[in-house]
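Please walk through this model with me, going from its overall build to its interior and then to some particular backbone positions.

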Amino acid sequence: MSIIVKCPICGTIIEDEPYTECSYCGWGYTGVEVCYDLDEKEDYNLMSMDQAKELVAKGLNIWGEPLPKGPETK
Ligand SMILES: [Zn+2]
């Protein structure tokens, strides 16, 4: 049984495995997001969580592509 967590960027349910990519926003979950400041550039995703959230708010994933329709959490 796998443990699940919420994507720190968009809240989509993802598996609590290091380097799991969120299926919605594309964020690579590292498992250590709690250790980072929101505006600190994250080495694995090459952007800060604030930047990623900004993209999601604009309807884009972290690669700048349109998000899939409808967040999976709602
Ligand atoms: Zn996400």
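## From the fold to single residues

Tyr-19 has its place in the loop between β2 and β3, and in this predicted model the residue takes a positive phi of about 70 degrees although it is not a glycine. Because Tyr-19 has 9 C-beta neighbours inside 10 Å, the residue counts as exposed. A second residue other than glycine with a positive phi is Leu-46, where the angle is near 60 degrees; Leu-46 lies in the loop between β5 and β6 and, since 10 C-beta neighbours fall inside 10 Å, it too counts as exposed. Gly-59, placed just after α1, also takes a positive phi, of about 85 degrees.

These positions belong to a protein with one helix and six strands, whose elements run β-β-β-β-β-β-α from the N terminus on. The C-alpha atoms fill a box of roughly 35 × 30 × 15 Å, taken along the principal axes. A compact globule of 74 residues would have a radius of gyration near 11 Å, and the protein, at 11 Å, agrees with that expectation. Of the 74 residues, 24% count as buried, and among contacts between residues at least 6 apart in sequence, 29% join residues at least 24 apart.

As to confidence, the mean pLDDT of the protein is 90, with 92% of its residues reaching 70 or more. Strand β5 (residues 41-42) has the lowest confidence, at a mean of 92, while α1 has the highest, at 97.

The interior can be approached through a general tendency: in soluble globular proteins, nonpolar side chains tend to be buried together. Here the largest nonpolar core has 13 residues, and those with the most contacts inside it are Cys-7, Ile-9, Cys-10, Cys-22, Cys-25, Trp-27 and Ala-52. Helix α1 (residues 49-57) gives the most to this core, with three residues. Within α1, the residues Ala-52, Leu-55 and Val-56 are buried, and because the buried residues fall within an arc of 100 degrees when seen down the helix axis, they line one face of the helix. What covers these buried residues includes β6 (47-48).

Which residues is Trp-27 in contact with, leaving aside its neighbours within four places in sequence? They are Cys-7, Pro-8, Ile-9, Cys-22, Asn-45, Ala-52 and Ile-62. Of these partners, Ala-52 is one of the buried residues of α1, and Cys-7, Ile-9 and Cys-22 are among the residues with the most contacts inside the core.

Cys-10, another of the core residues with the most contacts, is found in the loop between β1 (4-6) and β2 (13-15). Is this loop residue buried or exposed? Cys-10 counts as buried, because it has 24 C-beta neighbours inside 10 Å, where 20 or more are required. Cys-10 and Gly-59 are 49 residues apart in sequence and 11 Å apart in space, C-alpha to C-alpha.

Glu-21, in strand β3 (residues 20-21), has 14 C-beta neighbours inside 10 Å and therefore counts as partly exposed. Leaving aside neighbours within four places in sequence, Glu-21 is in contact with Gly-26 and Gly-28. Between Glu-21 and the core residue Cys-7, the separation is 14 residues in sequence and 9.0 Å in space, C-alpha to C-alpha.

Technical notes
Residues are numbered from 1 along each chain as its sequence is written. This is a predicted model: local features need pLDDT of at least 70, side-chain atom pairs count only at pLDDT 80 or more; totals for chains, interfaces and linings use all residues. A nonpolar core is a set of buried Ala, Val, Leu, Ile, Met, Phe, Trp, Tyr and Cys residues joined through C-beta atoms within 7 Å. A residue is buried if 20 or more other C-beta atoms lie within 10 Å of its own, exposed if 12 or fewer, and partly exposed in between; C-beta atoms are placed from the backbone. Helices (H or I, at least four residues) and strands (E, at least two) are DSSP runs, numbered from the N terminus. Two residues are in contact if their C-beta atoms, placed from the backbone, lie within 7 Å. The radius of gyration is taken over C-alpha atoms; the globule rule is 2.2 Å times the number of residues to the power 0.38. pLDDT is the predictor's confidence in each residue, from 0 to 100. The arc is that of the directions from the helix axis to the C-beta atoms.
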